[in-house]
Amino acid sequence: MQHGKYRFIAGFLALPLIIYAIFVISPFIQAFQISMTDWSGLVGTSKYVGLDNFERLWNSDDFWNALRHNIYMLAAIPVVTLAMGLFFAFMLNVGGRRRKNEVVGGVTGSKLYKLVFFFPQVISITIIAVIWFNIYNPDPQDGMLNSLLGAVGLDSLQNAWLGEKSLALICISAVMVWSNVGFFVVLFSAAMASIPREIYEASLLDGANRIHTFFRITLPLLWDTVQTGWVYMGIIALDAFALVQIMSVNMGGPDGATDVMPLRLYQTAFRDSQFGYASAMGVAMLVVTMTFAVLTMRFARRERIEF
Amino acid sequence: MTIKTDETPKQGVVPGAGSPNSPKGPGSGRGGKGGKDGGVLNVFSHGMLVVWALMVGVPLLWVLWSSFKTSNGILTDPWGLPTSLHWENWSNAWNKANMGQYFINTVIIVGGSVIGTMVLGSMAAYVLARFTFPGNRFIYYLFVAGMSFPVFMLVIPLFFVMRDFPTGSLLTTYQGMILVYIAYSLPFTVFFMTAFFRTLPASVAEAAMIDGASHTRTFFQVMLPMAKPGLISIGIFNFLGQWNQYLLPMVLNQEEKDYVLTQGLAMIALQQGYENDWGALMAGMMIAMLPVLVVYFIFQRQVQAGLTAGAMK
């Protein structure tokens, strides 16, 4: 019996483990190795160069430029997305008209709103990029956004959007917010629905209005979810590869204004064949991601409230 | 941290459903002031919600109606409705722009890897959840750690693992792509299904064993059917993630005839800028979206629950 058990365990684990080890674990370890070589991709030609790639990275203006853009996005996108997600989720769950027998109620059709809001989550990022590429079309008459602004008399706001150095990164960040708000509306709605009604009833009896209710009850009780959402959204903000690659002028332009770390890495590796140097960028990205996750977990920690 | 299974988004506030259990609401006791407060807020919240719904919904509907317009119409009058239905966009996309070929490639790769991920993932998860043996925790955390590796860091070595594979290059092959998709879906699948198998009662499996069923038979005939809700959630999660996958095929699948849909769309969009066959591109995007839309509308609740479960890892 015991013998049969171990044979069964080994039989069930072998294949998944082998596939996982070959395609995930071994590349993870090799990334560190390759980052210390000057490898150009030909078998047997790599030379150990120690930390030279990291030194080069440290002194590279291009890389700092890209990293800076990721940091801007990291600072802005999660705050905006989570705030909007919380706002809409609160509206859906508590914003409704007060009905008979119900102290706090959701708005009519909250299910339909969630269906629509969540939509961008299920379609491919390439499709989102193509749609927004058209919305941002710089032509004053033909561009979707520009012609809309013209039609309502806001011609002064018309812009070249992605072609405008000072706006391009904001335009791309806006797309990331747009596509992720729905995710957090659904996530926070589920969490809000699990907050007991009695707590809301008690606070309303005590004369709290809805704004108080939100900041004193909903937000503290949701803090765990907000915190994990923050990390999740931060990791998305550190990516942005597909949007920048497809939407931006000359991939990362105009004039490097939308360049991001993953795009730098991709081009260094698969356009310039500098695999050692690109791997060093990958290791740097791991460090940035881990630092962000650890700092968030550390500083956002609150005592957990049980309910 | 909690895992949201597909049971979670209890529509706690389904409007109009009333809540028979709550006593006569104290809200009514607050009289006119309370009602007015709710009324103003109701208009305000509905307004904001409608604006956002339009901002999300209209661009997506725009793809649909643009797929019936001429390229010129899309460019010069982006907001205009189609004057007549240009179905040829759809056949152009399918044939001339090769979306048909890309569609078939995607179906083969995603079909193979979703099935593979589900079978291998739940096998590993079952063993890790239900059996104690030396190294159990180590293997579990090895899988779970994979969720935090940035894929960008892995793609460079992965490219060479595939290129220099002992049995011949796996780059731009169906079996290579399927293996990679399975490998990169395993961490979350194992994590999710392990948690799921732990919640299932042990007594049923024990009864099956007493009746003489082998471990393997118990798994396939007793435990897997019981795990169906979990399998549906994680299956949808993997289907959507793999169908929409962009980075892995960009790096590992570089032959044009072997492209998957996301690559094909990106290529058309990148290649010709504003002198494109935009009608065909819009139809191509609809073709790429349709399977996902079908799944989304049928399994709306599970999709939302399944995808948000990913954030709770």
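**Exercise 1.** What percentage of the 313 residues of chain B count as buried? State also how the secondary structure and the contacts of chain B are made up.

*Solution.* The model under study is predicted.
- Step 1. A residue is classed as buried when 20 or more other C-beta atoms lie within 10 Å of its own. By this criterion, 43% of the 313 residues of chain B are buried.
- Step 2. Chain B contains 14 helices and 0 strands. Its pattern along the sequence accordingly reads α-α-α-α-α-α-α-α-α-α-α-α-α-α.
- Step 3. Consider the contacts in chain B between residues at least 6 apart in sequence: 78% of these join residues at least 24 apart.

**Exercise 2.** Determine where UniProt places transmembrane regions in chain A, and examine two of them in the model.

*Solution.*
- Step 1. The unreviewed UniProt entry gives the feature "transmembrane region" at residues 12-32, 71-94, 115-135, 167-188, 230-254 and 274-295 of chain A.
- Step 2. Residues 12-32 of chain A are 100% helix and 0% strand, with end C-alpha atoms 31 Å apart.
- Step 3. For residues 274-295 of chain A, the figures are 95% helix and 0% strand, and the end C-alpha atoms are 32 Å apart.

**Exercise 3.** Describe the packing of helix 3 (residues 61-94) against helix 12 (residues 261-270) in chain A.

*Solution.*
- Step 1. The two helix axes come within 8 Å and cross at roughly 145 degrees.
- Step 2. Helix 3 of chain A contributes A:Asp62, A:Phe63, A:Ala66, A:Leu67 and A:Asn70 to the contact, while helix 12 of chain A supplies A:Met261, A:Leu263 and A:Arg264.
- Step 3. Sorted by character, the residues of this contact comprise 5 nonpolar, 1 polar and 2 charged.

Technical notes. Residues numbered from 1 in each chain as written. Chains lettered and ligands numbered in written order. Predicted model: local features only at pLDDT ≥ 70, side-chain atom pairs only at ≥ 80, totals over all residues. Helix = DSSP H or I, 4+ residues; strand = E, 2+ residues; numbered from the N terminus. Buried ≥ 20, exposed ≤ 12 C-beta atoms within 10 Å, placed from the backbone. Contact = placed C-beta atoms within 7 Å. UniProt positions renumbered as here; feature names shortened; annotations may be inferred. Axes fitted to C-alpha atoms, helices over the stretch in contact; angles between N-to-C directions. Nonpolar A, V, L, I, M, F, W, Y, C, P; charged D, E, K, R; others polar.
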